[in-house]
Amino acid sequence: MSRSPDQIIRTEVLSLSAYHVAPASGMVKLDAMENPYSLPDRLRDDIAQLVATAPINRYPDASAASLKAMLRAALAVPDGMEIMLGNGSDEIIQIIALACARPGATLLSVEPAFVMFRMIAAFAGMKYVGVPLKADFSLDIDATLEAISQHEPAVIFIAYPNNPTGNLFDARAISRIIEAAPGLVVVDEAYHAFANASFMDKLLQYPNLLLMRTLSKLGLAGLRLGLLAGGPEWLRELEKLRLPYNVGIVTQLIAEKVLQHRDVLLQQAAAIKNERAMLGARLAAMHGIEPFPTDANFILFRLSEAGHVFQNLKKRGVLIKNLDGTHPLLKNCLRVTVGKPDENALFLAALEGSLA
Ligand code: PMP
């Protein structure tokens, strides 16, 4: 008699729930931190040409050398640092966790943070420690340093700005964490395009620092391209776990083409930042709504009866993210991604209607 899945699959996998992606067909989609703007028609035509002639019968360039060279320049990766590409930054988190998963090794992050840090620790069979943020979502530096000395984590993940809270942590506190860490610290700058801060230049100062970026929030979520920058002594080891053709030819070609027109993405990010200011001010002016400060392309806000309002918004065709119940600090919190002006107006009207 063959065994059932619960006798074969690892217990930590059995106890996970799969990452939930809400169906969004026909909705105003403001749940997933996507860039709402499409590319200009000319650029789309160029991409169509590239795709039409792409040699998809061949494996892609496994080293993605020309794309990496373009990314290095576009992101100002310091000389002497290596880069590794992932099928989205999710895959890079997984590669790092797999590489660090010695028996008993710990992955540490703060909470609430990006849920994949905790999930991927489980995928890799690592212990996970989540240090609670303070009630205002700032780093609890004393508790974090204490947890570092107690658990000696092999790797620490910090999102800068943080998801789902949207704020940038104090840079000095992050530096203290990097200095205290016995292992790697990965600063995840997925939302860098919307914040005026980065640890990129700190790579030269801290040999245990790795810096992660993604093109997803910039407007290319569908391509799946993430990037890790750091010292060659680390990246050489991590490269061994990267599957040879993890970044497909179509992704490579389109990313290169769009990077030649980076100004388009940066203009879109600037428009999103303007809309963010408008949306934040409108939310703050609404009775009973408390928006939190954000340096990302989304806004976390608290209100009473969040679950009820979330369902009401959905009935009105607007999909955002309900975080109530995911962490004690997120009680009655919802998260809205900044959309186009008309989408934001629809959201605000639906929210007003849902509160009434
Ligand atoms: N890091 C953070 C902080 C995120 O919020 C996300 C996406 N929600 C990711 C990484 C993953 O992005 P991707 O895999 O699309 O690059």
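How do the residues of the lining of the largest pocket divide into nonpolar, polar and charged? The points below work towards that answer and then go on to other places in this predicted model.

1. **The lining of the largest pocket.** The residues that form this lining divide into 25 nonpolar, 11 polar and 12 charged, which answers the opening question. There are 48 lining residues in total, and those nearest the centre of the pocket are Tyr19, His20, Phe114, Val115 and Lys321. The space inside the largest pocket comes to about 1,400 Å³.

2. **Elements that build the pocket.** Several helices and strands each give at least two residues to the lining of the largest pocket, namely helix 5, strand 3 (106–111), helix 6 (115–123), helix 9, helix 13 (306–315) and strand 12 (321–322). Helix 6 gives the largest share, which is three residues.

3. **The ligand and its shell.** The largest pocket is also where the ligand sits. It has 13 residues around it, and the closest of these are Ser89, Asp188, Tyr191, Thr214 and Ser216. When the residues of this shell are sorted by class, four are nonpolar, five are polar and four are charged. Two helices, helix 5 (89–100) and helix 9 (216–220), each supply at least two residues of the shell, and both of these helices also appear among the elements that supply at least two residues of the pocket lining.

4. **Polar atoms beside the ligand.** Three side chains deserve a careful look when you turn the model. In Asp188, an N or O atom of the side chain is 2.5 Å from a nitrogen atom of the ligand. In Lys217, a polar side-chain atom lies 3.0 Å from a nitrogen atom of the ligand, whereas in Tyr191 a polar side-chain atom lies 2.7 Å from an oxygen atom of the ligand. As for how much of the ligand is covered, the protein hides 94% of the 400 Å² of accessible area that the ligand has on its own.

5. **The enclosed cavity.** Apart from the pocket, the count of cavities of 30 Å³ or more comes to one, and the volume of the largest cavity is about 70 Å³. It is lined by 14 residues, of which Ala62, Ser63, Ala64, Arg242 and Asn246 are the closest to its centre. By class, the lining of this cavity holds seven nonpolar, three polar and four charged residues.

6. **Two cis peptide bonds.** Where along the chain should a reader look for the cis bonds that involve Pro112 and Pro164? One of them joins Glu111 and Pro112, with omega at about 0°, and Pro112 is placed in the loop between strand 3 and helix 6. Another joins Asn163 and Pro164, with omega at about 15°, and Pro164 is placed in the loop between strand 5 (155–159) and helix 8 (171–180).

7. **A positive phi angle.** The last point concerns the backbone at Met33, a residue other than glycine, where phi has a positive value near 55°. Met33 is found in the loop between strand 1 (28–29) and helix 3 (41–53).

Definitions and conventions:
Residues numbered from 1 in each chain as written. Predicted model: local features only at pLDDT ≥ 70, side-chain atom pairs only at ≥ 80, totals over all residues. Heavy atoms only, no water. Near = heavy atom within 4 Å. Polar contact = N/O pair within 3.5 Å; in protein donor to acceptor, adjacent residues only side chain to side chain. Areas by Shrake-Rupley, 256 points an atom, 1.4 Å probe, with all protein chains shown as cover. 1 Å grid on protein atoms, 1.4 Å probe; cavity = no way out; pocket = protein on both sides within 12 Å on 5 of 7 lines; lining within 4 Å. Sits in = over half its atoms within 2 Å of the grid points. Helix = DSSP H or I, 4+ residues; strand = E, 2+ residues; numbered from the N terminus. Nonpolar A, V, L, I, M, F, W, Y, C, P; charged D, E, K, R; others polar. Points joined across faces, edges and corners; volume = space filled by probe spheres on them.
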